Amino acid sequence: MAAAVLALGMVSSVTVRAEDAKPANAELANKLDPNAKEIDDKVLAAAAAVKDDDGKYKDKAGDPTFHITNDGKKVDWFTYSGYRRYHAECHVCHGPDAMGSTYAPALKDSLKHLSYSEFMGILAGGKQDVSSSDQKVMPAFADNKNVMCYADDLYVYLRARASGALPRVRPGEKEDKPDSAKQVEKDCLGG
């Protein structure tokens, strides 16, 4: 308690003056585009689609990946579905477009180093990072069909965001939903 009061006293003694602020750089501000692609060449190369299995794209390791065509305007069905599922289930904590929040990390950055199996393990089993000053808890979604029936879709969408191939936009054009995706969805949801 005493340490908290002392820390608060130290913080309150810091004065911020307007004259100490740096002047705005209008030229830089006008160049910033929050919707611009942030291409990560290494992640993009690893995510390159080499195989199409009835509309579901895979990389050279056999993991699900995205397929974006028409100068970035058209996405595969699974990227589109992942976008929808992400914004239905994940954005409350991880922020819009996987950009992160004060509550949870930016998944567009996490997917730069998480493998498919690591992602699936965290999604199903959850994750806890607890320290003396911070507590971060990702709940387990193994029993949530609205998440787990679309786990590959979420991974594909987040992988597209991590690589920079998909900017902060709602996908406009999309490939048709493959018949195999319709059957998997029906089997998983019990419909």
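## Pockets, salt bridges and buried side chains

At 48% relative accessibility, E38 counts as partly exposed, and this residue is a good place to start reading the structure. The model is a predicted one, and it holds eight salt bridges. The largest pocket offers about 650 Å³ of space, and the second largest pocket offers about 250 Å³. The points below take the salt bridges first, then the two pockets, then a few individual residues.

**Salt bridges around E38, K108 and D109**

- K108 and E38 bring their side chains together in a salt bridge, with N and O 3.5 Å apart.
- K108 sits in helix α6 and E38 in the loop between α2 (26–31) and α3 (41–46), so this pair ties together parts that are 70 residues apart in sequence.
- The two partners differ in burial: K108 is buried because its relative accessibility of 9% is under the 20% cut-off, while E38, at 48%, is partly exposed.
- K108 also forms a salt bridge with D109, where the closest N and O atoms are 3.1 Å apart.
- D109 counts as partly exposed, at 36% relative accessibility.
- Taken together, E38, K108 and D109 are linked in a network of salt bridges.

**The salt bridge between K112 and D40**

- K112 forms a salt bridge with D40, and their closest N and O atoms are 3.4 Å apart.
- This pair links distant parts of the chain, since K112 is in the loop between α6 and α7 and D40 is in the loop between α2 and α3, 72 residues apart.
- K112 has a relative accessible area of 34%, and is therefore partly exposed.

**The largest pocket**

- About 650 Å³ of space lies in this pocket, and 28 residues line it.
- Nearest the centre of the largest pocket are H94, A104, P105, L107 and M138.
- Two or more lining residues come from each of α5 (91–94), α6 (107–110), α7 (116–125), β6 (127–130), β7 (135–138) and α9 (151–163).
- Strand β7 gives the largest share of this lining, with four residues.
- Sorted by class, the lining of the largest pocket has 17 nonpolar, six polar and five charged residues.

**The second largest pocket**

- This pocket holds about 250 Å³ of space, and of the 16 residues that line it, K56, F78, D153, A181 and V184 are the closest to its centre.
- The elements giving two or more residues to the lining of the second largest pocket are α4 (77–89), α9 and α10 (179–189).
- Helix α10 provides the largest share of the lining, four residues.
- The lining of the second largest pocket divides into nine nonpolar residues, one polar residue and six charged residues.

**A buried arginine, R161**

- R161 is in helix α9, an element that gives two or more residues to the lining of the largest pocket and also to that of the second largest pocket.
- R161 is buried yet has no salt bridge, and D97, its nearest side chain of opposite charge, is 5.3 Å away.
- What the side chain of R161 does reach is the backbone oxygen of D97, at 2.9 Å.

**A buried threonine, T65**

- T65 belongs to strand β3 (residues 64–65).
- The relative accessible area of T65 is 1%, so this residue counts as buried.
- The side chain of T65 reaches the backbone oxygen of A47 at 2.5 Å.

**Residues to compare along the chain: W77 and G72**

- W77 lies in helix α4, and its relative accessible area of 11% means that it is buried.
- W77 and H67 are ten residues apart along the chain, with 9.0 Å between their C-alpha atoms.
- G72 is in the loop between β4 (68–69) and β5 (74–75), and counts as partly exposed at 27% relative accessibility.
- G72 and A165 are 93 residues apart along the chain, and 7.4 Å separates their C-alpha atoms.

Methods: Residues numbered from 1 in each chain as written. Predicted model: local features only at pLDDT ≥ 70, side-chain atom pairs only at ≥ 80, totals over all residues. Heavy atoms only, no water. 1 Å grid on protein atoms, 1.4 Å probe; cavity = no way out; pocket = protein on both sides within 12 Å on 5 of 7 lines; lining within 4 Å. Points joined across faces, edges and corners; volume = space filled by probe spheres on them. Nonpolar A, V, L, I, M, F, W, Y, C, P; charged D, E, K, R; others polar. Buried < 20%, exposed > 50% of the residue type's maximum accessible area, 1.4 Å probe, protein only. Lys, Arg positive; Asp, Glu negative; His and termini not counted. Salt bridge = Lys/Arg side-chain N within 4 Å of Asp/Glu carboxyl O. Polar contact = N/O pair within 3.5 Å; in protein donor to acceptor, adjacent residues only side chain to side chain.
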